[in-house]
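Let's work through a few exercises together. Keep the sequence and the 3D view open while you read.

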Amino acid sequence: LWLDYAGRLYVADSGNNRVVRIDQAGGGWTEVGDLSEPQGVAADGRAVYVSDTKADRVLIFDEITNKAKPREVLSH
(Lines give C-alpha, C1' and ligand atoms only; values in the text may rest on other atoms or scores of the structure.)
Protein backbone atom coordinates (compact mmCIF):
# COMPACT_ATOMS: atom_id res chain seq x y z
CA LEU A 1 0.00 0.00 0.00
CA TRP A 2 1.07 3.58 -0.63
CA LEU A 3 -0.67 6.89 0.07
CA ASP A 4 0.58 9.81 -2.04
CA TYR A 5 0.65 13.54 -1.31
CA ALA A 6 -2.73 14.02 -3.07
CA GLY A 7 -4.46 11.45 -0.87
CA ARG A 8 -4.62 8.72 -3.52
CA LEU A 9 -4.19 5.17 -2.27
CA TYR A 10 -2.18 2.70 -4.36
CA VAL A 11 -2.59 -1.04 -3.82
CA ALA A 12 -0.34 -3.75 -5.28
CA ASP A 13 -2.89 -6.53 -5.83
CA SER A 14 -0.63 -9.54 -6.48
CA GLY A 15 -3.52 -12.02 -6.45
CA ASN A 16 -5.13 -10.27 -9.41
CA ASN A 17 -1.87 -9.19 -11.12
CA ARG A 18 -2.62 -5.47 -11.02
CA VAL A 19 -2.02 -2.18 -9.26
CA VAL A 20 -5.10 -0.18 -8.26
CA ARG A 21 -5.19 3.57 -7.55
CA ILE A 22 -8.11 4.71 -5.41
CA ASP A 23 -8.95 8.42 -5.52
CA GLN A 24 -10.37 9.17 -2.08
CA ALA A 25 -11.55 12.65 -3.07
CA GLY A 26 -13.72 11.47 -5.95
CA GLY A 27 -14.28 7.90 -4.85
CA GLY A 28 -13.19 6.46 -8.20
CA TRP A 29 -10.44 4.00 -8.98
CA THR A 30 -8.19 3.05 -11.89
CA GLU A 31 -5.93 0.09 -12.46
CA VAL A 32 -2.99 -1.22 -14.44
CA GLY A 33 -3.24 -4.94 -15.12
CA ASP A 34 -1.26 -7.64 -16.93
CA LEU A 35 1.43 -7.64 -14.24
CA SER A 36 3.20 -10.64 -12.71
CA GLU A 37 2.43 -10.72 -8.99
CA PRO A 38 3.27 -7.10 -8.10
CA GLN A 39 4.39 -6.91 -4.47
CA GLY A 40 5.05 -3.21 -3.95
CA VAL A 41 4.13 0.25 -5.14
CA ALA A 42 5.41 3.74 -4.28
CA ALA A 43 4.90 7.26 -5.66
CA ASP A 44 6.98 10.42 -5.28
CA GLY A 45 5.04 13.09 -7.20
CA ARG A 46 7.04 12.53 -10.40
CA ALA A 47 6.35 8.84 -11.00
CA VAL A 48 4.78 5.65 -9.67
CA TYR A 49 7.12 2.70 -9.10
CA VAL A 50 5.81 -0.87 -9.21
CA SER A 51 7.80 -3.97 -8.27
CA ASP A 52 6.57 -6.58 -10.73
CA THR A 53 8.00 -9.41 -8.66
CA LYS A 54 7.52 -12.56 -10.71
CA ALA A 55 8.79 -10.78 -13.86
CA ASP A 56 11.93 -9.59 -11.95
CA ARG A 57 11.50 -5.94 -12.88
CA VAL A 58 10.47 -2.51 -11.66
CA LEU A 59 8.03 -0.55 -13.80
CA ILE A 60 8.01 3.26 -13.73
CA PHE A 61 4.75 4.95 -14.70
CA ASP A 62 4.03 8.65 -15.09
CA GLU A 63 0.63 7.91 -13.56
CA ILE A 64 -1.59 4.92 -12.87
CA THR A 65 -4.47 5.12 -15.30
CA ASN A 66 -6.48 2.43 -17.03
CA LYS A 67 -4.25 0.77 -19.65
CA ALA A 68 -1.22 2.95 -18.78
CA LYS A 69 2.10 1.93 -20.30
CA PRO A 70 5.30 2.20 -18.27
CA ARG A 71 7.68 5.05 -19.07
CA GLU A 72 10.62 2.88 -18.13
CA VAL A 73 11.30 -0.77 -17.25
CA LEU A 74 14.21 -1.67 -14.97
CA SER A 75 15.43 -5.25 -14.95
CA HIS A 76 18.66 -7.04 -14.20
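Strands here are DSSP runs of E with at least two residues, numbered from the N terminus, and two of them pair if DSSP finds at least two bridges between them. One thing to know before starting: this is a predicted model, where local features need pLDDT of at least 70, side-chain atom pairs count only at pLDDT 80 or more, and totals for chains, interfaces and linings use all residues. Residues are numbered from 1 along each chain as its sequence is written, and side-chain values use heavy atoms, with hydrogens and water left out.

**Exercise 1. Trace the sheet that holds β1, and find its edges.**

Step 1. Put the strands in order: β1-β2-β3-β4, an open sheet of four with antiparallel pairing.
Step 2. Look for strands that pair on one side only; these are β1 and β4.
Step 3. Zoom in on β1, which is joined to β2 (residues 8-13) by two bridges. Across that pair, Leu-3 stands opposite Leu-9.

**Exercise 2. Is Leu-3 buried or exposed?**

Step 1. Get the scale right: buried is under 20% relative accessible area, exposed is over 50%, and partly exposed falls in between (1.4 Å probe, protein chains only).
Step 2. Leu-3 has a relative accessible area of 52%, so it counts as exposed.
Step 3. Now check what it touches, with contact meaning heavy atoms within 4.5 Å. Not counting residues up to four places away in sequence, Leu-3 touches Arg-8, Leu-9 and Gln-24.

**Exercise 3. Do the same tracing for the sheet that holds β5.**

Step 1. The order is β5-β6-β7-β8, again an open sheet, and the pairing is antiparallel.
Step 2. β5 (38-43) and β8 (72-75) each have a single partner strand, so one side of each is left without a neighbour in the sheet.
Step 3. From one strand to the next, the twist averages 20° (axes are lines fitted to C-alpha atoms, and angles run from 0 to 180 degrees between N-to-C directions).
Step 4. Follow β5 along β6 (residues 48-52): five bridges link this antiparallel pair, and Val-41 sits opposite Val-50.

**Exercise 4. Which residues make up the largest nonpolar core?**

Step 1. Such a core is a set of buried Ala, Val, Leu, Ile, Met, Phe, Trp, Tyr and Cys residues joined through side-chain atoms within 4.5 Å.
Step 2. The largest one has 12 residues, including Tyr-10, Val-41, Ala-43, Val-48, Val-50 and Phe-61.
Step 3. Sort them by strand: β5, β6 and β7 (57-61) each supply at least two.
Step 4. Take Ala-43 as a sample. Leaving aside neighbours within four places in sequence, Ala-43 is in contact with Trp-2, Asp-4, Tyr-10 and Val-48.

**Exercise 5. Which residues other than glycine have a positive phi?**

Step 1. Try Asn-17, in the loop between β2 and β3 (18-23). Its phi is near 55°.
Step 2. Then try Asp-56, in the loop between β6 and β7, with a phi of about 55°.
Step 3. Compare with the scale from Exercise 2: Asn-17 is partly exposed at 29% relative accessible area, and Asp-56 counts as partly exposed at 45%.
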